[in-house]
Amino acid sequence: MGTHIGIGTLARRTGVKIETIRYYEHEGLLPSPPRTPGGHRAYGEDHVKRLMFIRRSRQLGFSMQEIRTLLELVDGGGYTCGEVKALTLEHAEAIREKIADLQRMEATLTRIAARCEGGDVPDCPVIDALLRPADGLG
């Protein structure tokens, strides 16, 4: 059996908080490790690798369900590069859609702010725009 590390060491090595590690275990993304005779978690290198995979996936914006799917492909051993590519391209499309939504929001906020002189008067075009129905924001 390889070298075992505790949860604190796992957290430091991976940059993932202890609470998050426990959450991933609870959600089934990270297998529960064996316990030492004293009852402490005994993580191995496989846990480190898997946790780094999860962390990197989260940094790239993959949802928990998308990560679960990727891990299921890996765990099943029958994954293909094509399946991973398809999931990645779907995720990239979702990011493009979010970027477009954010650009629309930014443009709307910029237009609303341009109506405001920024003075000391209590009337504010920004507040007025926010009080109108959503279709009145453009």
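**Working through helix H1 and a tyrosine pair**

Helix H2 (18–26) and helix H3 (45–59) are among what covers the buried residues of H1. This is a predicted model, where local features need pLDDT of at least 70 and side-chain atom pairs pLDDT 80 or more, while totals for chains, interfaces and linings use all residues. Residues are numbered from 1 along each chain as its sequence is written, and side-chain values use heavy atoms, leaving out hydrogens and water.

**Exercise 1.** Find which residues of H1 are buried, and work out how they sit around the axis.

*Solution.* Start with the cut-off: buried means under 20% relative accessible area, exposed over 50%, partly exposed in between (1.4 Å probe, protein chains only). In H1 (residues 7–14), that picks out Ile-7, Leu-10, Ala-11 and Thr-14. Next, check the directions from the helix axis to the C-beta atoms. These residues cover an arc of only 100 degrees, so they lie on the same side of H1. Finally, step past the helix: Gly-15 follows H1, with a positive phi near 75 degrees.

**Exercise 2.** Track down the aromatic pair and classify its geometry.

*Solution.* Rings of Phe, Tyr and Trp (its six-membered ring) pair if their centres lie within 6.5 Å; planes under 30 degrees apart are stacked, over 60 edge-to-face, the rest tilted. Searching the whole structure turns up one pair. Tyr-23 and Tyr-24 form it, with 6.0 Å centre to centre and 50 degrees between the planes, so call it tilted. Now look at accessibility: Tyr-23 has 40%, so it's partly exposed, whereas Tyr-24 has 8% and is therefore buried.

Definitions and conventions. Helices (H or I, at least four residues) and strands (E, at least two) are DSSP runs, numbered from the N terminus. Contact means heavy atoms within 4.5 Å.
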